[in-house]
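Student: I have a model open and would like to talk through one helix and the cysteines. Shall we go step by step?

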Amino acid sequence: MFKKILIANRGEIALRIIRTCKEMGIKTVAVYSTADKDSLHVKFADEAVCIGKPQSSESYLNIPHLMAAAEITNADAIHPGYGFLAENARFAEICGEHGIKFIGPTPEMIRRMGDKMTAKETMIAAGVPVIPGSEGLLQSVEEAKAIAKSMGLPVIIKATAGGGGKGMRVVWEESELETAYNMAKNEARASFSNDGIYMEKFVEEPRHIEIQVAGDQYGKVCHLSERDCSIQRRHQKLVEESPSPFMTPELREKMGDAAIRAASAINYESVGTIEFLVDKHRNFYFMEMNTRIQVEHGVTEEVINFDLVKEQIKIAAGIPISGKNYTPQMHAIECRINAEDPYNDFRPSPGKITTLHIPGGHGVRVDSHIYAGYVIPPYYDSMVAKIITMAQTREEAINTMERALSEFVIEGVKTTIPFHQQLMRDENFRKGNFTTKFTETFKLV
C-alpha cells in the first residue's frame, strides 16, 4: 500500500480524499494556490505545498510544479480527484516516468476514452449501443449537411475533445446548420485546442443515466448501479440520484451489462463512469466515459454502503476487486450547492462567507470545504457543497432534502439553495417526470 499520496486538486474533493487516506493510514500532501492558502484541505493534510498563483494554469494545471511538490515530499502516488488534470493522459505518463503511481487508469485508457470519436468506435466494436451519427470527424459543412439530411433533423454537433457542454450545438432547422457548425468548431478550438467535431442524431426527451464501474489490474470489471443526472442546466449537472425513478430491473441489467462491456473493451482499471442517454422508450445509447472519480460519487456510496475513493486507491495499489455487481439498497439524492445567484441567471457569487450553518440529522451527508470566514475565490468552479440525503424511499429522501436545505444557512454570498428548495417541491420532479430539458421551462419564483 502507498505510504504518502499527494492530492493534485483542491477544495471539497481534496478534503474527501484526505479523509479516506487517513482512515487507511496513508499520509497526505495537499497542494494549493495562493488563493487557497486558508482552505480546509490545506489545514487537514499532513503536509502542504504552495504550487503557484491563483490562476489554474499557474497552479493546479502546472505539471512541473505538481511533480516538484511530489518529489520534495517523497509522495509515492498522486490522486488527481476530478477536473483539472484528472483525465490528462500526459500527466499520468509523467507520473509514471518519475516513479510515482497515478491513481487512475493508464494513459492509453484515458486517451481512448477522452477522444469521443475514438471512444464511440471502441463501443461499436464492443457491441455497446451508440447514437447514430457521422463516421469519423466532419470535414466540411457540405458533409455535415448531407449526413443531417440522411439522418433527419434534429441533430447535434459535438467537439470530439469536448466536455461541460463546450463545442456543442443542436440543429433543428437546415438553415441553422452552417452557423452551428462554425460556432461548434470555433468553440472547440478555443476550449480544447482541438477543433475536431462530429455529428449525432439528437435524442429528444432524453434521460442522462450513468453507470458506475470499477475494474482492476487483472481484467475483472463490475458495475455499481446507476445514477440519474438528468436535472441539468446548460449541460452542467445540478441534481443526481440513485436509483433512477425511470429505471426498471430489466433496464438496469441491460445497462449494467453494457457498461461492463464498455469498460472491459479497454481493460479498464480504476473506478469510472459510463454515461448513457436514455430515450422515452428506454432505449439507451453510449455517450461518453469519465475515467475518474465523479463529483456525484457520494450518491452511489450511500445507496450501496461502499467507499469508492478507497476502492480507487486499492486498485491502484494492485489489490483485486471482488467483481460483485451492486444494486441500490437505499434511495439517495444529491444537490450541488454553488456560489451563484439563481435569480440572476446563475451569475457566480464569490466572496466571504459571513455566517454558515451546515445541516445534519439522520440521513444527511454534506461534503464541503467551506466555513464561516472562508473567502470563496473567483478563479475556480463555483461549487461549495454537496448535500446528499438518503432514505428507504425516494419520497422520504426528497422530504429529508427539503428539511436539510431549510437548515442550510450560507450568508455573505448568493447560493443555489433557493433553486433546490423550489425543485424539491415541484410536482413533476417529485413524480419523477423530467428529462435533461427540465430546467429550460422551470421558473424560479
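Student: Which residues of α8 are buried?

Tutor: Happy to start there, keeping in mind that this is a predicted model. Buried here means under 20% relative accessible area. In α8 the residues that meet this are L177, A180, Y181, A184, K185 and A188.

Student: Within what arc do the buried residues of α8 fall, seen down the axis?

Tutor: An α-helix has 3.6 residues a turn, so residues three or four places apart point the same way. The buried residues of α8 line one face of the helix, because they fall within an arc of 130°.

Student: What covers the buried residues of α8?

Tutor: Both helix and strand elements take part. The cover includes α7 (141-151), β6 (155-159), β7 (168-171) and β8 (197-201).

Student: How far apart are the end C-alpha atoms of α8?

Tutor: Helix α8 runs over residues 177-192, which makes 16 residues. At 1.5 Å a residue it should span 22 Å. The model agrees, as the end C-alpha atoms are 22 Å apart.

Student: Which residue follows α8, and what is its phi?

Tutor: Look just past the end of the helix. There the phi is positive, and the residue is S193, with a phi near 55°.

Student: How many disulfides are there?

Tutor: A pair counts when the sulfur atoms are within 2.5 Å. For C95, which is buried with a relative accessible area of 0%, the nearest cysteine sulfur is that of C21, 15 Å away. C335 is also buried at 0%, and its nearest cysteine sulfur, that of C229, is 13 Å away. By this rule the count of disulfides is zero.

Definitions and conventions:
Residues are numbered from 1 along each chain as its sequence is written. This is a predicted model: local features need pLDDT of at least 70, side-chain atom pairs count only at pLDDT 80 or more; totals for chains, interfaces and linings use all residues. Side-chain values use heavy atoms; hydrogens and water are left out. Helices (H or I, at least four residues) and strands (E, at least two) are DSSP runs, numbered from the N terminus. The expected span of a helix is 1.5 Å times one less than its number of residues. Buried means under 20% relative accessible area, exposed over 50%, partly exposed in between (1.4 Å probe, protein chains only). The arc is that of the directions from the helix axis to the C-beta atoms. Contact means heavy atoms within 4.5 Å.
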